[in-house]
Amino acid sequence: MSSYVYFRQQFIPLAEAKIGIMTNSLHYGTAVFEGIRGNWSSEQRQIYLFRLEEHYQRMHQGCQVLNINLAHTIDELCQITIELVKKCGFQEDIYIRPLAYKSSEALGVRLHNLEDDFLILAMPWGRYLDVDKARCAVSSWRCPKEIPRAKLSGLYINNALAKTEAIGNGFDEAIMLTLDGYVAEGSGENIFLVINGKLVTPASYNSILMGITRDTTIKLAKNELGIETIERPIERTELYNADECFLTGTAANITPVAEIDRCKIGNGEIGDITSKLQQLYSGVIRGNNPKYLNWCTAAYQK
Ligand SMILES: Cc1ncc(COP(=O)(O)O)c(C=O)c1O
């Protein structure tokens with residue numbers, strides 16, 4: 001199976017897609033990206049693209065902020081993605097990376113008077129945090145985000161610093177705080193706590209990306225388990241006293257957190273609510289739950 005990309009309006013092999021070293025976005029992070037999962041169902045021999053439209057809606061919003069003219073409608077972007085996945089033909093879980101970027105080979109910090117381009121690549125990718133339960137550390141790097149609602153490339157430098165700091169200190173993932181010290185999110189995931197049988201997660205104004213997996217989790221918890229989610233600022237000490245904790249993200253799915261700063265969360269095992277949500281989520285994203293099939297786009301023809 002070879003990897004193709006959609007690049008300069010064509011499908012070409014990954015190895016042939018190149019950009020010049022003066023490309024503006026390489027220097028200043030002037031780009032918007034998305035991360036979309038294609039989940040392989042071996043029984044159905046199908047790849048389901050999860051909440052495809054919502055990812056492109058978020059990308060359109062990001063492009064609006066960065067003055068990037070994304071020359072495709074959301075519908076077209078979905079169709080191009082399906083075409084690409086078909087062309088690649090992977091039979092395993094994949095990750096799809098659309099990128100809209102300032103493509104002019106021109107230096108200078110700005111967003112105006114630059115050309116825009118768009119690419120999509122698809123690649124096999126299994127578990128993002130390759131552990132059953134993650135050990136996390138609160139990062140010394142804070143979330144400075146003023147524009148948290150989209151995946152703007154340049155904003156990710158803080159997340160990269162936080163992740164590498166956590167790995168260097170022997171942990172699996174970093175938990176970043178807001179500038180005023182409240183819990184924000186992981187370097188590539190949103191965070192949830194279970195406190196007294198309810199889910200608690202940072203609110204939209206706590207420097208978080210409004211994750212699509214976060215939204216899915218809130219809906220599944222409510223509809224399938226009757227569990228309410230409270231969106232509010234979370235103090236750092238609440239992390240250590242939570243009954244359960246987990247991370248959510250397109251790449252990471254739902255990943256339980258066993259420890260934070262070497263302090264066990266609950267008994268350090270995967271909690272009941274976390275485990276139920278994990279099972280529900282993994283069924284939903286692989287097209288096994290008829291109630292949520294409208295979130296799944298089948299890439300391969302039957
Ligand atoms: C910083 C950050 N927060 C949260 C998320 C989760 O967002 P989503 O569930 O839409 O993938 C991501 C995903 O990449 C992320 O990078």
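Which residue just after H4 takes a positive phi? Gly-170 does, at about 90 degrees. Keep that spot in mind, since the tour will pass it again. One reminder before clicking around: this is a predicted model.

**Stop 1: the two domains**

Colour residues 4–124 as domain 1 and residues 134–285 as domain 2, following the domain assignment of the protein chain. Their centres, taken over C-alpha atoms, are 26 Å apart. Now look at where they meet: 23 residues of domain 1 are in contact with eleven residues of domain 2.

On the domain 1 side, select helix H1 (24–28), strand S3 (31–33), strand S4 (36–41), strand S5 (46–50) and helix H2 (52–65); these are the elements that give two or more residues to the side touching domain 2. H2 gives the most, with six residues. Colour that side of domain 1 by class and you get ten nonpolar, eight polar and five charged residues.

**Stop 2: the ligand**

Next, centre the view on the ligand, which 15 residues surround. Show Leu-209, Gly-211, Ile-212, Thr-213 and Thr-250 as sticks, as they are the closest. The elements giving two or more residues to this shell are helix H5 (212–225) and strand S14 (244–249). Of the two, which has the largest share of the shell? H5 does, with three residues. By class, the shell around the ligand divides into three nonpolar, nine polar and three charged residues.

**Stop 3: helix H4**

Select residues 156–168, which are helix H4. At 1.5 Å a residue, the 13 residues of H4 should span 18 Å, and the end C-alpha atoms are indeed 18 Å apart.

Which residues of H4 are buried? Pick Asn-159, Ala-162, Lys-163 and Ala-166. They cover an arc of only 100 degrees around the axis, so they sit on the same side of H4. A bit of helix background helps here: an α-helix has 3.6 residues a turn, so residues three or four places apart point the same way. Back in the viewer, show strand S8 (134–138) and strand S9 (173–177), which are included in what covers the buried residues of H4.

Spin the helix around to see Ile-157 and Gly-168, which are exposed on the other side of H4. Then click Ile-167, also in H4. Ile-167 has 14 C-beta neighbours inside 10 Å, so it counts as partly exposed. If you want a distance to draw, go from Ile-167 to Tyr-281: the two are 114 residues apart in sequence and 27 Å apart in space, C-alpha to C-alpha. Just past the end of H4 you'll meet Gly-170 again, with its positive phi.

**Stop 4: helix H7**

That line to Tyr-281 leads to H7, where Tyr-281 is one of the buried residues. Select residues 272–285: H7 has 14 residues and reaches 20 Å from its first C-alpha to its last, close to the 20 Å expected.

Show the buried residues of H7, namely Thr-274, Leu-277, Leu-280, Tyr-281, Val-284 and Ile-285. Look down the axis of H7 and they fall within an arc of 130 degrees, so they line one face of the helix. What covers them includes S4, S5, strand S11 (190–195), H5, S14 and strand S15 (253–260).

Zoom in on Leu-277 in H7. Is Leu-277 buried or exposed? Leu-277 counts as buried because it has 26 C-beta neighbours inside 10 Å. Not counting residues up to four places away in sequence, Leu-277 touches Thr-217, Leu-220, Ala-221 and Ile-254. For another distance, try Leu-277 to Tyr-182: they are 95 residues apart in sequence and 25 Å apart in space, C-alpha to C-alpha. H7 is followed by Gly-287, with a positive phi near 70 degrees.

**Stop 5: two backbone oddities**

Some background for the last clicks: most residues other than glycine have a negative phi. Now select Asn-253, found in strand S15. Phi of Asn-253 is positive, near 55 degrees, in a residue other than glycine. Asn-253 is buried because 23 other C-beta atoms lie within 10 Å.

Finish at Arg-262, in the loop between S15 and strand S16 (263–264). Arg-262 also has a positive phi, near 65 degrees. With 9 other C-beta atoms within 10 Å, Arg-262 is exposed.

Notes. Residues are numbered from 1 along each chain as its sequence is written. This is a predicted model: local features need pLDDT of at least 70, side-chain atom pairs count only at pLDDT 80 or more; totals for chains, interfaces and linings use all residues. A residue is near a molecule or strand if its C-beta atom, placed from the backbone, lies within 6 Å of it. Helices (H or I, at least four residues) and strands (E, at least two) are DSSP runs, numbered from the N terminus. Ala, Val, Leu, Ile, Met, Phe, Trp, Tyr, Cys and Pro count as nonpolar, Asp, Glu, Lys and Arg as charged, and the others, Gly among them, as polar. A residue is buried if 20 or more other C-beta atoms lie within 10 Å of its own, exposed if 12 or fewer, and partly exposed in between; C-beta atoms are placed from the backbone. Domain bounds come from an automatic or database domain assignment. Two residues are in contact if their C-beta atoms, placed from the backbone, lie within 7 Å. The expected span of a helix is 1.5 Å times one less than its number of residues. The arc is that of the directions from the helix axis to the C-beta atoms.
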